[in-house]
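Reader: Could you pick one part of this model and walk me through it up close? I'd like to hear how it sits against its surroundings, and where the charged side chains go.

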Amino acid sequence: MPAYVISEVEARDRDAMEAYRTLAAASIAQYDGRYLARGGAADVVEGGPPPKTIIIVEFPSMARAREWYASPEYAEALKLRQTALERRLMFVEGVAP
């Protein structure tokens, strides 16, 4: 069953953000993840507040998503995260086919 990692982010430092994105993208691919949304236009239709930048990554399973998050490859990106961006991060189970 697929799992989704959903991030709502706001950049703190643009240069650090680009370095973070490069490292994160490489680690996501290594753990079989794929981007479904990566900062495209987001529109709140109901509720609030206005959305920040939204990123959605699909992994083949929740176990694989958690393996990615705890990986040494992603740890390199996490070293930059505090400087690069403010984030809310969620792991969501998908629906079985």
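Author: Let's start with a charged residue: Asp32 has 46% relative accessibility, so it counts as partly exposed (buried is under 20% relative accessible area, exposed is over 50%, and partly exposed is in between, with a 1.4 Å probe and protein chains only). Asp32 forms a salt bridge with Arg64, with the closest N and O atoms 3.0 Å apart (the cut-off is a side-chain nitrogen of Lys or Arg within 4 Å of a carboxyl oxygen of Asp or Glu). Since Arg64 lies in helix 2 and Asp32 in the loop between helix 1 and strand 2, the pair ties together parts 32 residues apart in sequence. Helices (H or I, at least four residues) and strands (E, at least two) are DSSP runs numbered from the N terminus.

A quick word on the ground rules. This is a predicted model, where local features need pLDDT of at least 70, side-chain atom pairs count only at pLDDT 80 or more, and totals for chains, interfaces and linings use all residues. Residues are numbered from 1 along each chain as its sequence is written, and side-chain values use heavy atoms, leaving out hydrogens and water.

Now for the close-up: helix 3. It covers residues 72-84, 13 in total, and reaches 19 Å from first C-alpha to last, close to the 18 Å expected (1.5 Å times one less than the number of residues). Helix 3 has the lowest mean pLDDT among the elements, 94, with pLDDT being the predictor's confidence in each residue, from 0 to 100.

Tyr74, Ala77, Arg81 and Ala84 are its buried residues, and they pack against strand 1, helix 1, helix 2 and strand 4. Arg81 is the odd case: it is buried yet has no salt bridge, and the nearest side chain of opposite charge, Glu86, is 7.8 Å away (Lys and Arg count as positive, Asp and Glu as negative; His and the chain ends are not counted). Still, Arg81 touches Tyr20, Glu86 and Arg87, leaving aside residues up to four places away in sequence; contact means heavy atoms within 4.5 Å. Tyr20, in turn, touches Tyr74, Ala77 and Ala84, among others.

Helix 3 also has a charged pair of its own. Lys79 and Glu76 meet in a salt bridge at 3.1 Å, N to O, and sit three residues apart, about one turn of the helix. Lys79 counts as exposed at 60% relative accessibility, while Glu76, at 39%, counts as partly exposed.
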